[in-house]
Amino acid sequence: VQIVRTNGLTISGGEYHDNKQSGIFLERGVINAFIDSVKVYGNGLPSTGNTNTNVGVGIRVYDGGSNVNQQSKKITITNSKIHSNNVHGLEFSLNADSIHIFRNEIYNNGKGTSIGSQACGIAFQVGGSDNCIVAENNIYDNLDAGIYMYRLDPNSSHTGNIFHKNTLDNNGGGIILFGAKNSIVSENTVLNTTIKDGVLGW
């Protein structure tokens with residue numbers, strides 16, 4: 001499913017699996033979207049031999065960057081199962097703001113790739129995702145971090161985000177924040193990380 005430049009969207013129920021790239025892809029200017037009780041799994045092409053495809057995300061939100069008419073924001077994902085995707089479970093790129101992720105089960109993502117720290121349960125990429133809330137999710141058995149918020153642009157930052165009462169078990173890393181300001185990390189349970197720290201910020 002690919003949605004472009006839409007204000008007001010509800011996706012409720014259904015299964016989205018075994019697609020070449022993403023199960024659900026919200027692109028360039030999707031605002032006020034609500035995704036509830038979906039199952040998203042098995043998306044992307046696994047690496048074979050010397051070929052590493054590095055594609056395949058359960059739910060991907062791609063933003064238009066500096067173009068304010070293409071910014072994706074106010075997106076809620078709840079009560080869903082996102083698992084066994086080639087790279088990330090959830091991915092938010094560029095300036096995706098006001099993302100709310102509540103009560104989901106996110107597991108076993110990134111097992112078809114070798115890109116390491118970019119194969120996470122939840123990934124906020126590049127920089128500029130502000131006022132997001134990630135709460136009461138069960139995140140486990142992902143190749144690298146359960147939650148990874150990082151920036152590539154040194155002039156950008158993730159600001160005012162909340163990570164509350166999530167359970168992270170047996171991920172490569174726990175909650176990793178890079179280039180984040182004014183974050184709140186509270187009452188999470190992080191255990192059995194296999195590569196990195198439980199909570200790391202820099």
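**Notebook: strands and cores**

I began with the secondary structure and found 24 strands and zero helices in the protein. A reminder to myself: this is a predicted model.

Next I looked up the overall numbers. The protein has 202 residues, and 49% of them count as buried. I also checked how contacts span the sequence: among those between residues at least 6 apart, 70% join residues at least 24 apart. For the surface, I noted about 8600 Å² exposed, with carbon and sulfur atoms supplying 45% of that area.

Then I picked one strand to follow, S4, which covers residues 24-27. Which strands does S4 pair with? Strand S1 (residues 2-4) pairs with S4 in the parallel sense, over three bridges. S4 also runs parallel to strand S7 (residues 59-62), joined to it by four bridges. I found Phe25 in both pairings: Phe25 is the bridge partner of Gln2, and Arg60 in S7 is the bridge partner of Phe25.

Are the faces of S4 covered or open? I found both covered, with Ile24 and Leu26 buried on one side and Phe25 and Glu27 buried on the other.

Leu26 led me to the largest nonpolar core, which has 33 residues. Leu26 is among those with the most contacts inside this core, along with Ile59, Leu90, Phe92, Ile122 and Phe124. Apart from this core lies another, of six residues, including Cys120, Ala123, Tyr150 and Ile176. It helped me to recall that nonpolar side chains tend to be buried together in soluble globular proteins.

Last, I looked up Phe124. Leaving aside neighbours within four places in sequence, its contacts include Phe92, Ile99, Ile101, Tyr148 and His158.

Note on methods
Residues numbered from 1 in each chain as written. Predicted model: local features only at pLDDT ≥ 70, side-chain atom pairs only at ≥ 80, totals over all residues. Heavy atoms only, no water. Helix = DSSP H or I, 4+ residues; strand = E, 2+ residues; numbered from the N terminus. Buried < 20%, exposed > 50% of the residue type's maximum accessible area, 1.4 Å probe, protein only. Contact = heavy atoms within 4.5 Å. Areas by Shrake-Rupley, 256 points an atom, 1.4 Å probe, with all protein chains shown as cover. Pairing = 2+ DSSP bridges. Core = buried A, V, L, I, M, F, W, Y, C linked by side-chain atoms within 4.5 Å.
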